[in-house]
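Here is a friendly tour of the open spaces, the ligand sites and a few backbone details of one structure. Please keep the 3D view open while you read.

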Amino acid sequence: MKKNNLNQETTQELMALNGDEAIAYAVKQCDVDVVAAYPITPQTIIVEKYSEYVANGEVQTEYVCTESEHSAMAACIASSATGARTFTASASAGLALMHEMLFVASGCRTPIVMAVANRALSAPLNINGDQSDSMAQRDAGWIHLYVENAQEAYDTIMQAFRIAEHLDVQLPVIVGLDGFIVSHTLENVDVLSDESVKNFVGERVLPNVLTHEGKTVPFKLDPDNPMTMGPVAMPNYYFEFKRQQEEAMKNALTVIQQVHDEYAKLSGRSYGNALIEEYKLDDAEVATICVGSAAGTVKDVIDELRAEGVKAGLLRLRTFRPFPAQEVQKALENVKAVAVMDKSMSFGGNGGAVFHEVRHAMYDSKSHPFVVDYIYGLGGRDTSPKDFKKVYSDLHLIAHNKRMDKLVNYVGLRE
Amino acid sequence: MEEQKVTTQEWKFTAKDIALKPEGFLPGHRACAGCGPANVLRMVMKATRGPTIVTEATGCMEVVSSIYPYTSWSYPWLHTAFETAAANASGIEAALKVLTKKGKVKQEHIDIIAFAGDGGTYDIGLQALSGAVERGHDFLFILYDNEGYMNTGIQRSGGTPLGAATTTTPAGSVMPGKMQNKKPITDIMVAHDLEYVATATPYYWKDMLQKVRKGLEVEGPAFLHIFAPCPRGWRSEPAKTMEYTKLAVESCVFPVYEVVKGKYELSTPSKLIQLAPQKKIPITEYLKGQGRYRHLFTPQHQHVVDTLQRLTDERWAKLQKKVEQTA
Ligand SMILES: Cc1ncc(C[n+]2csc(CCOP(=O)(O)OP(=O)(O)O)c2C)c(N)n1
Ligand code: SF4
Ligand SMILES: [Mg+2]
């Protein structure tokens, strides 16, 4: 078991870091064994910064500069299967190129942590931020955590390793940060000492498995205890493998919260209940649901609206996979109209990825609030406080008229 | 099961040595009767020199050996995808390096072997292979070449020879099987400036095992191209598999040689043909009996046989020149 000295007074240092740098710094403190990665905007700063740590001997990490993201993910799976704590980072086209391997990573139960600096997908080519890239990977069996700012990016990386490597989970984790808005924006970030991070993250503990000889051995590629990993499974076994992954996802719901709470005690920083973060939602009549950095803007908008007497609230979805359906349902129980803010499209799907999940979750709610979708910010299109105010005023009308004209709406779009 | 240390003494690969060495690729796998690659894998695993991790690309040999809950592998083994054998090896090597530094690996050294078929090497796996050898990871990449995508039902690959009928290059009334010749994969690997590149066939098994051992002994990447007939895909008699691996050498369709630090050297079976050119057999001796070439033995397609003979001769001449030039 990991030994954690959580009640110590932890001193923290204030650093000026952008989101990418905050991630590189956190990875450095997590004593990661192997990083295998390929550069792509807006993730590049992570791999560049980490390369500096390697070049200056500040880390023991083996850094594999692969020739593609596909190979990066394959190398990560193999490294993790060999017992190494493994990290990578990507975005957009790079993440799409990894697609095949993402399923292999989760299917092989390799607890890799990957930062995704969320960016739009081609075509047309666009290097700016939206969440199309990781939302398109939502069924690949990875845990998805999305952060609001650089501080949370830093804090979430440590938690991600603990969650991924937890014996009840053993799944890979994506930490999503909005491209440019978080990845490239300089912020004040409180960082823990190397020592307290080391104590918090601990060493990677491998699960034990039973060999055909009846021996209990650590789950890794080891000439002393040969094991066949990544086999073929026919219809007589494949299904059970997949069912086990779903069970691990369920377990993750609890583990994500436990790890978050433990980290909160250590650092003094918390993000809602780790799955969702509520902002003035208790008595809210109208609410939006955001993933990522937009929540920051919306919080300001809510303060202004509240001053005008509007009962506005926000639910920020921090954990998208596993989807915290019960928590979302409960948090929205007393709201009359809800706008889901989707920073990606699900073409032909009547709304974005988050919208599908939220409406699905609300199907069993007793109060049945109106749930409407707003697609925003694609390809880095700016979404201003004014735009969000408009969304809240739409919600007000929907709640008042008890009628919703359009299921899916677009924010700040020429039509 | 495995020695803890790397064997350093000269290994003679006598029949007795081989018989006494525990199997790495165990019986019970689902390969067809007379399968060339299965023979190759079994023999290759007899040449390991100590603790070894194996990784393998998707393909016939991966599928026949790892059907859960069974396995033919008595060595630690990893499969991730079709195009990833070399990338897997990079990840394993990187992990072993750092874990050794941190004192988390007991063995003083662990060898890494990556197996892939011609599909996983010439075609979809070429980028990962090129990247991994450029980065200089310490592993031996073994291409078992059965000249087609056999696992998916005998489709053409970049390693399928001119004129061979496959299910995506069928012999039709207009087209005589595959219209392009085999990609010179060994030259491509030599061009990466590897310390050790070699070709082998299981007919000359001692030569093959020695080459495996040499590839493992090199510090850094090494590449071994092994000829491995597939009776299913070649429409050939299962009992003739080994014979074809001999005829391929004697016809110079598949010469056996080594390239050590850029220096080409013919291995004995091919060297004997160089010394006594009259021993070189016409390619028809090799082609006949293989159902994939049956359509060539018609007046209509005679020109394809002629072209194949010419290309084979040209490549053989080129190879000999390289031997001369780098001597
Ligand atoms: C990305 C991807 N594309 C296609 C396939 C289907 N596929 C599996 S094995 C194979 C051919 C393997 O050919 P080769 O590497 O020559 O090995 P062999 O089966 O001949 O031993 C193909 C096309 C796959 N598994 N993955
Ligand atoms: S199809 Fe060919 S390569 Fe595959 S198992 Fe059968 S004989 Fe071997
Ligand atoms: Mg093949």
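In this predicted model, α8(A) gives the largest share of the lining of the largest pocket, with six residues. The pocket itself holds about 1,500 Å³ of space. Chain A elements that contribute two or more lining residues are α4 (92–107), β9 (208–210), β11 (228–229) and α8 (238–267). If you want to place yourself at the centre of this pocket, look for T228(A), M229(A), P231(A), F241(A) and Y68(B), which lie nearest to it among the 45 lining residues. By class, that lining splits into 25 nonpolar, 13 polar and seven charged residues.

Now turn to the second largest pocket, with a volume of about 570 Å³. Its lining has 31 residues, and those closest to the centre are K182(B), P184(B), V253(B), P255(B) and R315(B). Here the largest share, nine residues, comes from α13(B). On chain B, α7 (185–190), α12 (283–287) and α13 (302–325) each supply at least two lining residues. The classes in this lining are 18 nonpolar, five polar and eight charged.

What about enclosed space? Rolling a probe the size of a water molecule over the atoms shows where empty space is left. One cavity of 30 Å³ or more is counted, and the largest cavity contains about 40 Å³ of space. Its lining is made of H109(B), D111(B), I112(B), D138(B), F139(B), L140(B), G215(B) and L216(B). Two chain B elements, β3 (111–117) and α8 (205–217), give two or more residues to this lining. Four of the lining residues are nonpolar, two are polar and two are charged.

Next come the ligands. Between which chains does ligand 1 lie? Ligand 1 sits between chains A and B. Its surroundings comprise 18 residues, the closest being C60(B), G119(B), Y144(B), G148(B) and N151(B). By class, this shell has six nonpolar, nine polar and three charged residues.

Three polar contacts to oxygen atoms of ligand 1 are worth a look in the viewer:

| Residue | Part of the residue | Distance to an oxygen atom of ligand 1 |
|---|---|---|
| C60(B) | backbone N or O atom | 2.8 Å |
| G120(B) | polar backbone atom | 2.9 Å |
| N146(B) | polar side-chain atom | 3.1 Å |

Taken on its own, ligand 1 has 590 Å² of accessible area, and the protein covers 78% of it.

Ligand 2 is surrounded by A31(B), C32(B), C35(B), P37(B), C60(B), N146(B), C230(B), P231(B) and R232(B). That shell contains seven nonpolar residues, one polar residue and one charged residue. C60(B) and N146(B), both in the shell of ligand 2, also appear in the contacts with ligand 1: C60(B) through a backbone N or O atom and N146(B) through a polar side-chain atom.

Chain B as a whole is built from 13 helices and eight strands. Along the principal axes, its C-alpha atoms fill a box of roughly 70 × 50 × 40 Å. How does its radius of gyration compare with that of a compact globule? For 327 residues, such a globule would have a value near 20 Å, so the 19 Å of chain B agrees with it.

Finally, some backbone details on chain A. Most residues other than glycine have a negative phi, and most peptide bonds are trans. Against that background, A123(A) and P124(A) are joined by a cis peptide bond with omega of about -5 degrees. P124(A) belongs to the loop between β5 (113–118) and α5 (132–135) of chain A. Another cis bond runs from R321(A) to P322(A), where omega is near -5 degrees. P322(A) is located in the loop between β15 (319–321) and α10 (325–331) of chain A.

Which sign does phi have at F180(A)? It is positive, at about 65 degrees, although F180(A) is not a glycine. You will find F180(A) in the loop that links β7 (173–178) and β8 (187–191) of chain A.

Definitions and conventions: Residues are numbered from 1 along each chain as its sequence is written. Chains are lettered from A and ligands numbered from 1 in the order in which they are written. This is a predicted model: local features need pLDDT of at least 70, side-chain atom pairs count only at pLDDT 80 or more; totals for chains, interfaces and linings use all residues. Side-chain values use heavy atoms; hydrogens and water are left out. On a 1 Å grid over the protein atoms alone, a cavity is a set of points where a 1.4 Å probe fits but cannot get out, and a pocket is an open set with protein on both sides within 12 Å along at least five of seven lines; lining residues have an atom within 4 Å of a point. Grid points are joined across faces, edges and corners, and a volume is the space filled by probe spheres set on the points. Helices (H or I, at least four residues) and strands (E, at least two) are DSSP runs, numbered from the N terminus. Ala, Val, Leu, Ile, Met, Phe, Trp, Tyr, Cys and Pro count as nonpolar, Asp, Glu, Lys and Arg as charged, and the others, Gly among them, as polar. A residue is near a molecule or strand if one of its heavy atoms lies within 4 Å of it. A polar contact is a pair of N or O atoms within 3.5 Å; within protein, one must be able to donate a hydrogen and the other to accept it, and residues adjacent in sequence count only if both atoms are side-chain atoms. Accessible areas come from the Shrake-Rupley method with a 1.4 Å probe; for residues, only the protein chains shown count as cover. The radius of gyration is taken over C-alpha atoms; the globule rule is 2.2 Å times the number of residues to the power 0.38.
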